[in-house]
Amino acid sequence: MAKFFPQAFAIFLMILPALFSKTNAGVLVVYWGQNGGEGSLTKTCNTGKYRVVNIGFLSKFGNGQRPEINLAGHCNPASNGCQGVGAGIKNCQSKGIKVLLSIGGGAGNYGLSSDADANSVAVYLWNNFLGGQSNSRPLGSAILDGIDFDIEKGGHHYAALARRLSDYSKKGKKVYLSAAPQCPFPDKYLNGALSTGLFDYVWVQFYNNPQCQFTTSNPNAFRDSWNKWTSIKAGQFFVGLPASRQAAGSGFVNPNDLKNQVFPFVKGSPKYGGVMLYDKFNDDRSGYSSQIRGSV
């Protein structure tokens with residue numbers, strides 16, 4: 001007959017609830033790079049608030065033109081002045097924080113004219129920001145964790161870009177893919193890319209889109225959009241929000257409304273990943289992440 005160990009049984013009873021509970025704990029994601037007043041990338045990661053940082057933006061690419069990164073007031077890539085950002089990337093990664101390069105954005109000159117054009121852009125991204133090699137890496141030797149698609153114009157062929165970037169994961173280190181579609185479903189520019197099922201993270205922009213962003217007067221519009229988005233094949237989905245009222249034309253959600261009305265709903269999805277905030281500069285001024293962090 002097997003021996004009975006009271007201490008072991010007591011420990012088992014203590015951990016039993018954890019085995020069957022669903023924490024639905026999410027993380028915070030933030031965009032960094034479009035305002036010199038937001039502090040360095042190193043300081044951003046040293047706050048301990050964010051688990052993913054999107055560097056924005058590579059706002060010029062495609063159609064045969066030489067790609068260019070725009071980091072606003074932080075540094076000037078034209079004079080090779082953004083090499084120092086690489087140290088920030090490595091610091092973030094040493095803390096287990098993923099750092100992605102966001103391509104596109106609300107402004108800039110970008111678009112893909114063909115699948116061949118998409119392949120050329122993928123090769124450029126691989127050699128200049130990911131695991132490849134180039135003599136002109138804008139952010140130095142740091143190897144970013146992946147590419148974020150914040151595509152708000154510029155036609156099609158992004159599915160080809162996603163497939164080619166995903167193929168690079170076969171070379172060793174995984175290349176994470178994320179996307180920031182507008183909340184009207186399906187997204188006008190990213191539907192093709194997202195239909196590949198290759199994306200690890202999708203942070204839906206529930207702002208500047210009154211027809212599907214959250215309001216206390218019509219929460220169902222948001223809920224319907226969230227349900228549509230989480231029905232597609234992708235890893236995790238995030239509620240994308242402006243970090244302050246000044247960060248977007250509409251869509252700011254009061255922290256208490258987020259905690260009391262939005263989180264109880266979105267956490268019902270097994271694909272819930274957390275909250276994306278735009279951006280670090282506005283979060284610094286509003287303290288939004290600090291107000292919601294314990295509930296995400």
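The following exercises, each with a worked solution, concern a predicted model of a protein chain.

**Exercise 1. Confidence along the chain**

Determine which element of the protein chain has the lowest mean pLDDT and which has the highest.

*Solution.* Begin with the whole chain: its mean pLDDT is 93, and 92% of its residues reach 70 or more. Next, consider the elements. Helix H1 (residues 6-20) has the lowest mean pLDDT, 44, whereas strand E9 (residues 236-242) has the highest, 99. Finally, examine the stretch of residues 8-22, where pLDDT stays under 50. For this stretch the model has 3 contacts beyond four places in sequence.

**Exercise 2. The surroundings of strand E6**

Establish how many residues of strand E6 (residues 146-151) are buried, and which strands pair with E6.

*Solution.* A residue counts as buried under 20% relative accessible area. By this criterion 6 of the 6 residues of E6 are buried, so the strand is largely enclosed by the rest of the structure. Now separate the two faces. In a regular strand the side chains alternate between the two faces of the sheet. In E6, one side carries Gly-146, Asp-148 and Asp-150, the other Ile-147, Phe-149 and Ile-151, and all are buried.

Then turn to the pairing. Strand E4 (residues 98-105) runs parallel to E6, with 6 bridges; Leu-100 has Gly-146 as its bridge partner. Strand E7 (residues 176-179) is also parallel to E6, joined by 4 bridges, and Ile-147 is partnered with Leu-177. Between E6 and E7 the chain passes through helix H5 (residues 158-167), in a right-handed β-α-β crossover.

**Exercise 3. The largest nonpolar core**

Identify the residues with the most contacts inside the largest nonpolar core.

*Solution.* This core has 76 residues, and those with the most contacts inside it are Ile-55, Leu-125, Phe-149 and Leu-161. Helix H4 (residues 115-129) contributes the largest share, 7 residues. As an example, take Leu-161: beyond four places in sequence, its contacts include Ile-103, Val-121, Leu-125 and Phe-149. A second, separate core has 12 residues, among them Tyr-31 and Trp-203.

**Exercise 4. The disulfides**

State how many disulfides the structure holds, and describe the pairing of the bonded cysteines.

*Solution.* There are 3 disulfides. Cys-45 is bonded to Cys-92, with sulfur atoms 2.0 Å apart. Cys-45 belongs to helix H2 (residues 41-46) and Cys-92 to helix H3 (residues 85-94), 47 residues apart. Cys-75 is bonded to Cys-82, at 2.1 Å between sulfur atoms, and both are buried. Cys-183 is joined to Cys-212. Numbered in sequence order, the bonded cysteines therefore pair as 1-4, 2-3, 5-6.

Key
Residues are numbered from 1 along each chain as its sequence is written. This is a predicted model: local features need pLDDT of at least 70, side-chain atom pairs count only at pLDDT 80 or more; totals for chains, interfaces and linings use all residues. Side-chain values use heavy atoms; hydrogens and water are left out. pLDDT is the predictor's confidence in each residue, from 0 to 100. Helices (H or I, at least four residues) and strands (E, at least two) are DSSP runs, numbered from the N terminus. Contact means heavy atoms within 4.5 Å. Buried means under 20% relative accessible area, exposed over 50%, partly exposed in between (1.4 Å probe, protein chains only). Two strands pair if DSSP finds at least two bridges between them. A crossover is right-handed if, with the strands pointing away from the viewer, the path from the first strand over the helix to the second runs clockwise. A nonpolar core is a set of buried Ala, Val, Leu, Ile, Met, Phe, Trp, Tyr and Cys residues joined through side-chain atoms within 4.5 Å. A disulfide is a pair of cysteine sulfur atoms within 2.5 Å.
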